[in-house]
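User: I've got this model open and I'd like a close look at a single part of it. Could you walk me through that part and how it sits in the rest?

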Amino acid sequence: MRADIDKDGDLALLVGSDDRGIVLFRNVGTKTEARFAEDTTFKLDVPPLSAPALGDLDGDGVMEMIVGNTGGGAVYLATSRR
Ligand SMILES: [Ca+2]
Ligand SMILES: [Ca+2]
């Protein structure tokens, strides 16, 4: 899925993997000519074969993440304002 997770105006990719949790690819190109590179500092341990989804579930203007997985469960990850 694509989202502007760092609010700098360009989109990043959050991708579920089979054994590496959620992998983040940041746009290291431009807004009009995107080029994605993995952010190896991003670590999010979730069950195998997970799939992320982002949305503002509680309407506070900050996105939360829900991660579905093959076990039929889901992990809810809340963000916080700083
Ligand atoms: Ca961004
Ligand atoms: Ca929210």
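What pattern does the protein follow when read along the sequence? Once that's clear, please zoom in on strand β6: which residues are on its covered face and which on its uncovered one?

Analyst: Keep in mind that this is a predicted model. Read along the sequence, the protein goes β-β-β-β-β-β-β. That makes 7 strands and 0 helices. The C-alpha trace spans about 40 × 30 × 20 Å along its principal axes, and 12% of the 82 residues count as buried. As for contacts between residues at least 6 apart in sequence, 22% of them join residues at least 24 apart.

Now to β6. This strand covers residues 64-68, with Met 65 and Val 67 on its covered face. Glu 64, Ile 66 and Gly 68 are on the uncovered face.

β6 belongs to an open sheet of 3 strands, in the order β5-β6-β7, with antiparallel pairing. β5 and β7 stand at the edges with a single partner strand each, so each has one side left without a neighbour in the sheet. On average, neighbouring strands here are turned by 20° against each other, if you ignore direction. As a general reminder, the strands of a sheet pair through backbone hydrogen bonds, either parallel or antiparallel.

Let's take the two partners of β6 in turn. On one side is β5, residues 51-55, which pairs with β6 in the antiparallel sense over 5 bridges. If you want to find this pairing on screen, look for Leu 54, whose bridge partner in β6 is Met 65. You can also look for Ala 51, which stands opposite Gly 68 of β6. So you can tie the covered face into this pairing through Met 65, a residue of that face, and the uncovered face through Gly 68, which is one of its residues.

On the other side is β7, residues 74-77, joined to β6 by 4 bridges and again antiparallel. Gly 68 turns up here too: its bridge partner in β7 is Ala 74. β6 and β7 form a hairpin with 5 residues between them. In that turn, Gly 72 has a positive phi of about 90°.

While we're on phi: most residues other than glycine have a negative one. Leu 49 has a positive phi of about 55° although it isn't a glycine. You'll find Leu 49 in the loop between β4 and β5. Leu 49 is partly exposed, because 13 other C-beta atoms lie within 10 Å. Lys 7 is another non-glycine residue with a positive phi, near 55°. Its loop lies between β1 (2-3) and β2 (12-16). Lys 7 counts as exposed because it has 8 other C-beta atoms within 10 Å.

That brings us to the rest of the protein. β1, β2, β3 and β4 form an open sheet of 4 strands in the order β1-β2-β3-β4, with antiparallel pairing. The edge strands are β1 and β4, each pairing on one side only. β3 (residues 22-27) is joined to β4 by 3 bridges, and the two run antiparallel. One spot to look for there is Asn 27, which stands opposite Phe 36 in β4.

Back to your strand: β6 sits between β5 and β7 in the order of its sheet, with 5 bridges to β5 and 4 to β7.

Definitions and conventions. Residues numbered from 1 in each chain as written. Chains lettered and ligands numbered in written order. Predicted model: local features only at pLDDT ≥ 70, side-chain atom pairs only at ≥ 80, totals over all residues. Buried ≥ 20, exposed ≤ 12 C-beta atoms within 10 Å, placed from the backbone. Pairing = 2+ DSSP bridges. Contact = placed C-beta atoms within 7 Å. Axes fitted to C-alpha atoms, helices over the stretch in contact; angles between N-to-C directions.
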